[in-house]
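Hi everyone, and thanks for coming. Please have the sequence and the 3D view open while I talk, and stop me whenever something is unclear.

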Amino acid sequence: MTVPSSILISENDEAYKIVETLANVEFALAWPSISRSFAATGRFAWHDEPVDATFSFTDFVAALQGDRSGLKIRLAGAPFKFAFDGYISHRPTLKMEGTLAADSASLRDTLHWAGLPPPPGGGFGRFALKAQTNVVSGTLGLSGVNVELDGNTGEGVLAFTNDGRQTLQGTLAAEGLDLTPYVSTVRLLTSGERGWDSKPIALDGFEGIDVDLRLSAARVTISNAKLGRTAVAANLRGGNLTVAVGESQAFGGVIKGTFALAKSPVGADFKAQLQFADVELEQCLGEMLGIRRLEGKGNLGFAIESSGSSVYDLTKGLNGTAGLTSRKGAIAGFNVEQLLRRIERRPLSGGGEFRTGKTPYDTLTVNLKITHGTANVEDVRMDGPSVGLTLTGSASIPARELDLKGTASLMSSTAGGATAPVPAFELPFMVQGPWDDPIMLPDPQSRILRSGAAQPLLRAIRDPEARDAVRSAIERLTGKVPAPPPSTPEAAPALAGSSAPAVVDSSPAPTAPQDAR
C-alpha cells in the first residue's frame, strides 16, 4: 500500500515548542495479516531536502499499546545518515534502547539544515557517531561512544537533555586531538604578526546550548603548538564559556589554570589565570605573544581580565599582573657583556654591531602590573656570570612598544672569589621600539663622562675661562673674529625751537686691523 501525503509534526508546551512539516511524503506500508510485524519504506522532504526512510516494528500491536517492541530506523539524505536498531516503549513514558549510528559530511551544514545555530569559529566538518543508546523521556544517554569529528576520534559517554534548555554533558578521551580547525578563525596577531587582530570576536553561537564536557588526550595540536598529555573541562552556560586546564604538558613544561570568555554589550569579556611551570620560554612566549628573545626554561604566571569587541580592544583594556622567573638562560639579540667591555675601553666608540649574539644569565626575574593596556615594571632584574641588569619603565601592550630604562653592570669577582661579584663598570641604557625587535641605546652622557677625549669639551661647557680659551683657539684657526652684536644708534635731541631732527653720523666705523697670520 502506498500513501502519498504531507505530515505536520507539532509539540507545544511551556518548555519547548516544535512545529515541523514533512512534505512530499510517499511510503509503502507492509503489515502481513499472519505476522505481528509492520514496515514502512519511502521518502519525504524536510527543509527542502529529500530523505529516504525505512521503519519497522517487530510487534506493531504492542508498539501501538505502548509496550516494548523491536524497532529499526534508517534515514538517508544528502545532509546526514542515521540508523537505530533496538527497542521502544512509551508506557508510562517514552523509552528507547539500542545501537545508534549517524554520520555527516559536514556537521555544521547539518545543524544549519536542521534549523540549529552552528557553533562559532571553524571546524565541525566530517562527523560520525556510534554508541549504545538509552532514551528516557527527554534525556538521551549514549554509552560506549565512538565519535569522530574533523579527523579526531574519541571514546566515552555523552548525555543530551531537552527540558526547556538543550544541555550536553559527557566525558571523552582521545589519543590525538587537533584543535586547529576550531581556532582557525581566532587570531591574536595580524597576518604579518606586527599588530593585534582587530576583527570582531564572534560569540553568537554560545547561547544556543549549555555544555559540560571533560576532555583528555595524549597529544593535542593547536595550530603550530604541540601539547602532550592534556586534561580540560569546558563549561558553557548562558553564553559564558569557562575552560579549566587541569594539566597540560606544553612547551616542555606543564600548564594549569582557567580562562573564561563571555558575551557582553561591548563584545566580549575575558578573564584568565594561568600558570606555566618549567616551560621553554622562547617557544612559549613566541607562540602566545610573538616574543622570541628569551632562551631557557622558566615559570610564567598571569592573572588578567579585559573587555572589548576584538583582540586589539581587549589589549587596550587589559588589567592584571604577570610574572616570570628563569634560571640558566640567555637573552637573544643582545651581547651586553661585549658592549660594556668595549665602552669601558673606548666610551665614544660606535655600538651598532652589539645587536647580535646573546647575553647569558643565571637568574631572571620579571614582575609587571598591567593597567589599561600598559605593563608597568615593578621589578625586572637579571644576574649573570659577568653581567647584571635592572630595568624600569613600561610597555604598551596594544602598540607592542617598549619604553624602558635600566643599568647594565659589568661584574668583577673579588680576590679569591670569596664574596659575590661586585660591579666594576656600570652603564645606563634605554630600550625602545617594538618588543619583537627593540633597540638598546647606551646613555650618551655617561659615555661622554667616561671619555678622556671629551673632557676639554665638558670643561668648556662648565668653566667660563676654559670656554673663552676654546673660543680664542677657534678664532685663531679660522682667522675670523665674530662680529659684535649690532647696536642701534640713538638719535640726538632736536634743538629748541627747531622742527628738524638732529643729524646723525651714518658713516661706517673704521675696521679694526686683523692680526697677521
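**A walk through the salt bridges, the core and some odd backbone spots**

Let me begin with one residue, Arg-68, which counts as partly exposed because its relative accessible area is 48%. Before we go on, please keep in mind that this is a predicted model.

What does Arg-68 pair with? Its side chain meets that of Glu-97 in a salt bridge, at 3.6 Å from N to O. Arg-68 sits in the loop between α1 and β5 (69-77), while Glu-97 belongs to strand β7 (residues 95-104), so the pair ties together parts that are 29 residues apart in sequence. Glu-97 is partly exposed too, with a relative accessible area of 39%.

Now zoom out for a moment. How many salt bridges does a search of the whole structure find? The search finds twelve. I'd like to show you two others.

Arg-36 forms a salt bridge with Asp-59, and the closest N and O atoms are 3.1 Å apart. Arg-36 is in the loop between β2 and β3, and Asp-59 is in the loop between β4 (49-57) and α1 (60-65), so this pair ties together parts that are 23 residues apart in sequence. Are the two partners buried or exposed? Arg-36 has 48% relative accessibility, so it counts as partly exposed. Asp-59, with a relative accessible area of 16%, is buried.

The other example joins the side chains of Arg-237 and Asp-210, at 3.8 Å from N to O. This pair links distant parts of the chain: Arg-237 is in strand β13 (residues 225-237) and Asp-210 is in strand β12 (residues 210-222), 27 residues apart. Arg-237 is partly exposed, at 48% relative accessible area, whereas Asp-210 is buried, at 4%.

Let's look at the chain as a whole. The chain has nine helices and 25 strands. Of its 517 residues, 34% count as buried. Among contacts with a separation of 6 or more, 43% are between residues 24 or more positions apart. As for the outside, the chain exposes about 30,100 Å², and carbon and sulfur atoms supply 57% of that area.

Next, the inside. In soluble globular proteins, nonpolar side chains tend to be buried together. Which residues touch the most other members of the largest nonpolar core here? That core has 53 residues, and the ones with the most such neighbours are Phe-251, Phe-276, Leu-324, Val-336, Leu-340 and Leu-389. Apart from it lies another core, of 36 residues, among them Val-51, Ala-53, Phe-80 and Met-96. If you click on Phe-251 and skip residues up to four places away in sequence, you'll find it touching, among others, Ala-225, Phe-276 and Val-279.

Val-336 and Leu-340 bring us to helix α6, residues 336-345, whose buried residues are Val-336, Leu-339, Leu-340, Arg-342 and Ile-343. Why are these on the same side of α6? They cover an arc of only 165° around the axis, and that puts them on the same side.

What lies against that helix? One residue to look at is Leu-410, in strand β23 (residues 401-412). Beyond its neighbours within four places in sequence, Leu-410 is in contact with several residues, including Glu-337, Leu-340, Arg-341 and Glu-344. Leu-410 counts as buried because its relative accessibility is 2%. Its C-alpha atom is separated by 9.2 Å from that of Leu-389, which is 21 residues away along the chain.

Back to the surface. Trp-31, Val-61 and Leu-64 make a nonpolar patch of about 300 Å². Trp-31 is in the loop between β2 (17-30) and β3 (38-46), and at 47% relative accessibility it counts as partly exposed.

Finally, some backbone spots to find yourselves. Which two residues does a cis peptide bond join? They are Arg-91 and Pro-92, with omega about 10°; Pro-92 is in the loop between β6 (81-89) and β7. Phe-124 has a positive phi of about 60° although it is not a glycine, and you can find Phe-124 in the loop between α2 (107-113) and β8 (127-136). Asp-150 is another non-glycine residue with a positive phi, near 55°, and its place is the loop between β9 (139-149) and β10 (152-162).

Thanks for listening, and I'm happy to go back to any of these spots.

Conventions:
Residues are numbered from 1 along each chain as its sequence is written. This is a predicted model: local features need pLDDT of at least 70, side-chain atom pairs count only at pLDDT 80 or more; totals for chains, interfaces and linings use all residues. Side-chain values use heavy atoms; hydrogens and water are left out. Buried means under 20% relative accessible area, exposed over 50%, partly exposed in between (1.4 Å probe, protein chains only). Helices (H or I, at least four residues) and strands (E, at least two) are DSSP runs, numbered from the N terminus. The arc is that of the directions from the helix axis to the C-beta atoms. Contact means heavy atoms within 4.5 Å. A nonpolar core is a set of buried Ala, Val, Leu, Ile, Met, Phe, Trp, Tyr and Cys residues joined through side-chain atoms within 4.5 Å. Accessible areas come from the Shrake-Rupley method with a 1.4 Å probe; for residues, only the protein chains shown count as cover. Patches are made of residues with over 30% relative accessible area and no salt bridge: like charges are joined within 9 Å, nonpolar side chains (Val, Leu, Ile, Met, Phe, Trp, Tyr) within 5 Å. A salt bridge is a side-chain nitrogen of Lys or Arg within 4 Å of a carboxyl oxygen of Asp or Glu.
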